[in-house]
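Reader: I am new to this structure and would like to understand the words used to describe it. Could you show it to me, and then let me ask about the terms one by one?

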Amino acid sequence: MITVALPKGRIAEQTLDIFKEIFNEDFQFKGRELILKKAGFTFLNVRNWDVATYVYHQAADIGVVGYDVLKELNLDVLELLDMKLGICKICVGGIKGDESYKNKTELKVATKLQGIAKEYFSKKGIPAEIIKLNGSIELAPLIGLSDVIVDIVETGTTMKENGLEVKEDVLDYVSARLIANKNSFVAKKPQIIELYERIEEIVNK
Ligand code: PRP
C-alpha cells in the first residue's frame, strides 16, 4: 500500500487523471471524502500547504506539491519528478506604472511566501519588511498595506484586473513536483520507482 497526499483542487484532479491513465480505472474523491482507497493506493485530500508536512512525517509516502510551497517550507523530503502541472512564476508585483517602490529605504512586501521573499530582497541588499498574508495578496498595495507583493503569477489575470503589474521575476519556473518521504523511499523503493517511471512516461510524453 502506498499513501499519496494530493492538494485539493485542480492538481489533485490532474494527478488522479494520470493514475486513471496508468491503471485504467477511475480515481475520484467522492463528495467531501478526504480518503480514497483504490488499486493498492490510499489517496489523501489535503490542503496544498499541508502536502509536504504529511510526507515529511510519513503520514503519506509520496505527494504532489507546488515548488513554491516546497521551497518555502524547506522540509527534508525527496523531490522525485517535475509533474509539469500548475506551471507558474513567482514575481514581485506592484501598482502599474508606479516605480516609487525602488526609492524606499525599507520596502514593505506582502506575501504568503515569506522565506522566498526575504531571501530575494536580502540577496539584492534591499531592506524589506515582510508582511505575511494568507491570500488575496494583490489587495495589499492597493490599500497601502505594502509597497509591493511577492506572489504566484499564472495567467496574470489577478494582477491585471487589480491594476498591478509584474515588476521583477523572483523564480521564473514553478510547477507541481512529485515528492517522497525518505524512509518510505527506502522501505518501498520498488513500488515507488515503478510508479515514478509510469508517471514520468505520461508527464513527459
Ligand atoms: C493565486 C495567487 C494569485 C493568483 C494568480 O491565488 O496568489 O492571487 O492565484 O493567478 P493568475 O495569475 O492566473 O491570476 P489563489 O487562487 O491561490 O488564491 P489566494 O492566494 O487568494 O488564496
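Reader: Which residue in β9 does Ile 90 stand opposite, and what makes β6 and β9 a pair?

Author: Ile 90 stands opposite Ile 152 in β9. Strands, like helices, are DSSP runs numbered from the N terminus (E over at least two residues for a strand, H or I over at least four for a helix), and two strands pair if DSSP finds at least two bridges between them. Strand β6 (residues 88–95) and strand β9 (residues 148–153) have 5 bridges, in the antiparallel sense, so they satisfy that definition. This is a predicted model, in which local features need pLDDT of at least 70 and side-chain atom pairs count only at pLDDT 80 or more, while totals for chains, interfaces and linings use all residues. Residues are numbered from 1 along each chain as its sequence is written, and side-chain values use heavy atoms, with hydrogens and water left out.

Reader: Why is the sheet with β6 and β9 called open, and which strands stand at its edges?

Author: Its 5 strands follow the order β8-β7-β9-β6-β10, with mixed pairing. Because β8 (128–132) and β10 (164–174) each have a single partner strand, one side of each is left without a neighbour in the sheet. Neighbouring strands of this sheet are turned against each other by 25 degrees on average, direction ignored (axes are lines fitted to C-alpha atoms, for helices over the stretch in contact, and angles run from 0 to 180 degrees between N-to-C directions).

Reader: How do you know that Cys 88 is in no disulfide?

Author: A disulfide is a pair of cysteine sulfur atoms within 2.5 Å, and by this rule the count comes to 0 disulfides. For Cys 88 the nearest cysteine sulfur, that of Cys 91, is 8.9 Å away, so the pair does not meet the cut-off of 2.5 Å.

Reader: What makes Cys 88 and Cys 91 buried?

Author: Buried means under 20% relative accessible area, exposed over 50%, and partly exposed in between, with a 1.4 Å probe and protein chains only. Cys 88 has a relative accessible area of 10% and Cys 91 one of 0%, so both are buried by that definition.

Reader: Why is β1 described as largely enclosed?

Author: Strand β1 (residues 2–7) is largely enclosed by the rest of the structure because 6 of its 6 residues are buried. Ile 2, Val 4 and Leu 6 cover one side, while Thr 3, Ala 5 and Pro 7 are on the other, and all of these are buried. β1 runs parallel to strand β3 (residues 41–46), joined by 6 bridges, and pairs in the parallel sense with strand β4 (residues 62–66) over 2 bridges. In β3 the bridge partner of Leu 6 is Asn 45, and in β4 that of Val 4 is Ile 62.

Reader: Is Asn 45 buried or exposed, and what does Asn 45 touch?

Author: Asn 45 has a relative accessible area of 17%, so it is buried. Leaving aside residues up to four places away in sequence, Asn 45 touches Leu 6, Lys 8, Phe 29, Glu 33 and Leu 34, where contact means heavy atoms within 4.5 Å.

Reader: How much area do domain 1 and domain 2 bury between them?

Author: The domain assignment, automatic or from a database, gives domain 1 (2–86 + 175–203) and domain 2 (88–173). Between them they bury about 910 Å², 52% of it on carbon and sulfur atoms, where buried area is the accessible area (1.4 Å probe) that two parts lose on being put together, summed over both. In domain 1, Asp 68, Lys 71 and Glu 72 lose the most area to domain 2, together 49% of what that side buries.
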